[in-house]
Every structure is written in C-alpha cells, then in structure tokens.
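Subject: A structure for you to explore

Hi there,

Here is the structure I promised to pass on to you. Please open it in your viewer and keep it beside you while you read my notes below.

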Amino acid sequence: MRLYNTLSRQEEDFVPSRDLTVRMYACGLTVYARGHIGNFRTFVAVDLLRRTLRHVAGFAVHHVTNFTDVDDKTINESHKAGVPLRDYTSRYIDAFREDAAALGLEPPEDTPRATDPGNLQAMSDMIAALGQRGHTYRSDGSIYFRISTLPAYGQLARLDHAGIVSGARIDSDKYEKEDARDFVLWKATPPGEPSWDLGVGPGRPGWHIECSAMALRLLGPGPIDIHCGGVDLIFPHHENEIAQAEGATGTPFSRFWFHVEHLLMDDGEKMSKSLGNVFTIRDILEQGYRASALRYLLISVHYRKQLRFSWATMQQAEEALRRIMDCVGRLGRVTDGSGTAGWEARLIAARDDFRQKLSADVNVPGALGAVFELLREANAAIDASTLSREEADATLAFFDGCDEVLGVLVLRRAEEAAPPIPQAELDDLLAARIEARRMRNFAEADRIRTALESRGIVLEDSAAGTIWKRK
Ligand code: AMP
Ligand code: ZN
C-alpha cells in the first residue's frame with residue numbers, strides 16, 4: 001500500500017506501526033449547522049481510505065472521527081436559538097449520522113464529542129503537561145501556546161521563517177497573544193458561556209487542543225498512523241495539533257497526514273458555510289438525485305484533485321452508476337451460454353488491476369476505469385450470448401468485490417428496496433386501508449390505493465395480506 005504523506009510531500013509505503021491495526025484520526029464536523037457536500041467530500045474520501053486499508057490491504061482499522069461541539073460558532077448559534085449548547089449540537093450530530101448513513105459511510109470505531117467529560121479532562125491534562133514543559137503562558141485568563149519554544153514548528157505546512165502561509169485560514173481569535181503565531185489552548189469565557197475547571201482553571205478548550213487530546217486518548221500513545229482532514233486544515237489546525245501533541249509528550253504525533261482537496265462550486269469558489277454557497281445532502285435529494293449517485297460523484301475524482309460540483313456532473317454520475325446497475329441486472333438474467341474464452345483469467349486480471357489502482361494512493365478513478373473496462377467486455381459477451389451462467393455469477397462476484405470499497409451498488413440496491421415515500425407514512429396508510437376494508441368502506445380503501453399509486457407505489461392484495469411494490 002502506498003500513500004501520499006503531506007509531511008514528506010511524497011508517496012510512501014504504508015504499514016501500520018502496531019498489530020496490523022491502522023490507528024487513524026479524521027477531524028470531524030463543527031456541529032453548528034448541517035454538514036454540506038464539501039464536508040462530505042472529505043468524509044467520503046476518508047471512508048474510501050478506510051475501506052481500502054481493510055478490504056484491499058487487509059489491515060484492521062481503529063478509526064476516530066470527532067465532533068467539534070464547542071467553539072465560537074456553536075456557542076453563538078446555540079445562544080441565538082435559545083437552546084443549551086449540548087442539546088443544540090446534538091441535533092446536528094443526529095443530522096450528520098443520517099447523512100453519513102445515506103452516503104454509505106462505514107461508521108468509525110469511535111465518534112467522540114469534544115465536550116464528553118473524559119475528553120475535556122484529557123485536554124486539560126495535555127495543557128498541564130505543556131505547562132510543565134514550558135510551552136504555555138497565561139494572558140487575560142486564557143492559556144496560550146508559545147510557538148517560539150518549539151523550534152520544529154511549521155514542518156507540516158512548510159512555513160517560511162516568518163511563519164506565514166499564503167492563503168491560510170487566519171486565526172480569528174480576539175484574545176491577547178504575545179506573538180501573532182501563538183494560539184489559544186484554553187479560553188477564558190465571559191459569564192453565561194459554557195465553562196469547565198478540570199485542573200488548569202475555568203474556561204473552555206480551543207479548537208486545536210480538542211483533536212490532539214482526543215486522538216492520543218483514543219488511539220495513543222503516539223505516533224498514531226494516519227491523521228486526515230481537508231486541505232484547509234493543514235495550517236494552522238494540523239500544525240498546531242502537532243505542536244500540542246509533540247510539545248506535551250516529546251513523541252511524534254502522526255506518521256502520515258492525509259489531506260483531501262476541496263469541493264468547489266461551478267464558478268471555482270470553495271463550497272463553504274461562510275461563503276453561503278453550500279448544498280446539503282437533502283438539497284441534492286430534493287432535486288431528485290439519489291445519495292448513491294452523489295457518493296459516486298464524490299469518489300469519481302482523485303482525493304488530491306479539486307472537484308467541481310455542477311448539476312451536469314451530478315447527472316453524469318447518475319448515468320455512470322446506472323450503467324453498472326444495468327450490467328449487473330443483465331448478468332443476473334443471463335441464461336447459459338457456451339462459455340467465453342479466457343473469461344476467468346480476464347476477471348482475475350481486472351480484480352488485480354482494481355486492487356493495484358487503490359493500493360497506489362487510493363486511486364479510485366483508476367479503479368473505476370478497471371471496472372468499466374470489464375463492464376464493456378461483459379456487455380459484449382452477453383450480446384454475443386457466450387457468457388455461461390457460471391461466468392455470469394463470477395462476474396457478479398467481481399462487481400460485489402469492488403463494491404466492498406466503492407460502496408455504491410449496495411447503496412443503490414438499498415434505495416431501490418426502500419419505498420419512495422417515508423416508511424412510517426406508508427405503514428400508516430396501509431393500516432388505514434386495512435381498517436377501511438374491515439369496516440367495508442371500500443371507497444376509502446380504493447382512495448388510499450389510488451393516492452399511493454400516484455406516488456409510485458402499487459399494492460397487491462392476497463389471502464396472505466397486502467404487499468407494496470414500486471410502480
Ligand atoms: P469543519 O466543520 O469546517 O471543521 O469541516 C469538517 C471537514 O470538512 C474538515 O476536514 C474540512 O477540511 C472539510 N471541508 C470543509 N469544506 C470543504 C470543501 N469545500 N471540500 C472538501 N472538504 C471540505
Ligand atoms: Zn482536528
């Protein structure tokens with residue numbers, strides 16, 4: 001397995017450092033709003049990495065994705081909504097889980113919240129350790145990291161000697177710092193804002209400390225194997241995570257850094273909440289597209305290249321996925337042909353090609369190329385009526401094997417098995433119809449049947465009861 005490592009700016013061989021289990025951490029959503037499809041580009045890319053490590057490289061995975069549920073934005077928005085912080089952020093955690101399931105993300109082994117008591121304690125302990133090693137100072141009740149105490153600072157982002165990176169997300173903290181590069185570890189809070197006192201005085205954690213502390217608490221001791229996030233996090237967030245973890249422990253923090261390029265809008269602008277140009281998964285579904293097609297779109301460009309979103313590319317993704325589904329459908333209907341010369345060897349070669357592409361820095365577009373090459377040949381063999389039933393089954397097994405990593409076919413099949421209206425509503429209507437028939441109110445029963453039919457559902461009554469089907 002080869003992986004590009006932002007730390008070395010090179011592709012390197014990757015194996016986990018302990019027990020053939022990959023210890024990986026991905027920075028999660030700041031839960032003050034529903035995540036947008038730009039956020040999900042990163043989460044889907046991390047899902048592809050995770051599945052490649054498991055199903056292609058054969059490693060076990062311990063994957064942590066956090067929720068940032070305390071920061072300026074979550075506090076401000078919960079204030080505006082008049083809802084306690086923890087309850088406010090819980091809504092968006094639920095929304096994230098719903099969207100993640102719709103996109104077929106394998107659930108990470110751990111999904112810690114920053115404000116879980118054990119995590120806050122770990123942050124406070126890490127700050128205390130940084131203090132003992134002389135890396136902190138206090139100002140106006142807040143605790144800061146003094147960058148000048150860590151000569152190695154800046155290696156990930158490759159900062160110039162003034163510590164500046166062009167175009168970086170600038171720290172917007174309004175607090176008093178000795179040096180512009182210093183950053184806050186524990187913030188003094190105004191009255192009425194959430195505050196904890198766990199050993200370093202009252203306050204709340206800064207954003208960066210959350211991830212260092214949770215990563216080492218759940219995956220440590222360092223170095224962990226892989227740390228992931230979008231490219232906008234390289235500086236200052238990840239640079240600061242390294243400073244904290246290494247400053248507190250004296251040990252390297254993460255061996256590999258995996259960064260996902262941005263999803264852009266059609267006009268080339270980054271999709272971001274602050275620019276207001278976002279689509280959520282719901283927005284995509286409301287346009288009549290399915291989550292499986294969105295997943296296909298998000299994986300179809302290599303994770304280190306920018307991806308432009310447009311409705312035209314959304315449509316192309318739908319069509320590409322449909323081509324695979326159509327071929328799978330045809331393979332299912334194959335009756336016995338005479339046999340296709342060299343087909344078994346062809347399947348083995350396609351499988352090798354697929355796995356090799358993924359093993360080379362998770363090259364999903366390359367792997368999809370292997371799938372479509374085989375698909376064309378399978379369609380030709382079906383057209384020529386040579387494919388035997390056994391060969392068709394082996395070909396279906398090839399597609400299902402690929403889908404362990406791609407995760408699109410399984411999603412599309414689940415979507416097709418689900419009713420086109422919410423399940424609870426369908427259940428209620430079916431119960432109302434049974435009741436109407438029991439009361440011999442056949443006009444009402446027929447009204448329900450017709451209403452469902454206009455929404456894409458046909459009912460079939462039999463002695464055993466009523467079943468529904470998609471129209
Ligand atoms: P945030 O909630 O802003 O901390 O972001 C959660 C994750 O989404 C981080 O890994 C970000 O780097 C990533 N992210 C935010 N916007 C985009 C985008 N337009 N394209 C890809 N990833 C993004
Ligand atoms: Zn983080």
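Let's begin with H302, which you will find in the loop between helix 8 and strand 12 (307–308). Please keep in mind that this model is predicted. Is H302 buried or exposed? Its relative accessibility is 13%, and buried means under 20%, so H302 counts as buried. Setting aside its neighbours within four places in sequence, H302 is in contact with R41, D361, V362, N363 and P365.

One of those partners, R41, takes us to helix 1, where R41 also takes part in a meeting with helix 8. From helix 1, the residues involved are I37, F40, R41, V44, D47, L48 and R51. On the other side, helix 8 brings L294, R295, L298 and I299. Sorted by class, this contact has seven nonpolar residues, four charged ones and no polar ones. How are the two helices placed relative to each other? Helix 1 and helix 8 (residues 291–299) pack with their axes 9 Å apart, at an angle of about 75°. Angles of 65 to 115 degrees count as roughly perpendicular, so that is the description that fits helix 1 and helix 8.

Next, have a look at the metal site. Which residues hold the zinc ion (ligand 2)? The ion is coordinated by C27 through SG, C211 through SG, H237 through NE2 and E241 through OE, at 2.0 to 2.7 Å. Along the chain, these donors follow the spacing C-x183-C-x25-H-x3-E. Two of them, C27 and H237, link distant parts of the chain, 210 residues apart. C27 is in the loop between strand 3 (21–26) and helix 1 (37–56), while H237 belongs to helix 6 (residues 234–249). Both C27 and H237 are buried. As for the geometry, the four donor atoms subtend angles of 72 to 127° around the zinc ion (ligand 2), which makes the arrangement irregular. A tetrahedral label would need all angles to lie between 85 and 135 degrees.

Finally, try finding T395 in helix 12 (residues 389–406). With a relative accessible area of 0%, T395 is buried. Beyond its neighbours within four places in sequence, T395 is in contact with L331, W343, L347, L374 and A378. How far is T395 from R2, measuring between C-alpha atoms? These C-alpha atoms are separated by 28 Å, and the two residues are 393 residues apart along the chain.

Happy exploring, and best wishes!

Terms used
Residues are numbered from 1 along each chain as its sequence is written. Chains are lettered from A and ligands numbered from 1 in the order in which they are written. This is a predicted model: local features need pLDDT of at least 70, side-chain atom pairs count only at pLDDT 80 or more; totals for chains, interfaces and linings use all residues. Side-chain values use heavy atoms; hydrogens and water are left out. Donors are N, O and S atoms within 2.8 Å of the metal (3.2 Å for Na, K and Ca); water is not among the atoms, so sites may look incomplete. Four donors count as tetrahedral if all angles lie between 85 and 135 degrees; four count as square planar and six as octahedral if opposite donors are over 155 degrees apart and all others between 65 and 115; anything else is irregular. Helices (H or I, at least four residues) and strands (E, at least two) are DSSP runs, numbered from the N terminus. Buried means under 20% relative accessible area, exposed over 50%, partly exposed in between (1.4 Å probe, protein chains only). Axes are lines fitted to C-alpha atoms, for helices over the stretch in contact, and angles run from 0 to 180 degrees between N-to-C directions. Angles under 35 degrees count as roughly parallel, over 145 as roughly antiparallel, 65 to 115 as roughly perpendicular and the rest as oblique. Contact means heavy atoms within 4.5 Å. Ala, Val, Leu, Ile, Met, Phe, Trp, Tyr, Cys and Pro count as nonpolar, Asp, Glu, Lys and Arg as charged, and the others, Gly among them, as polar.
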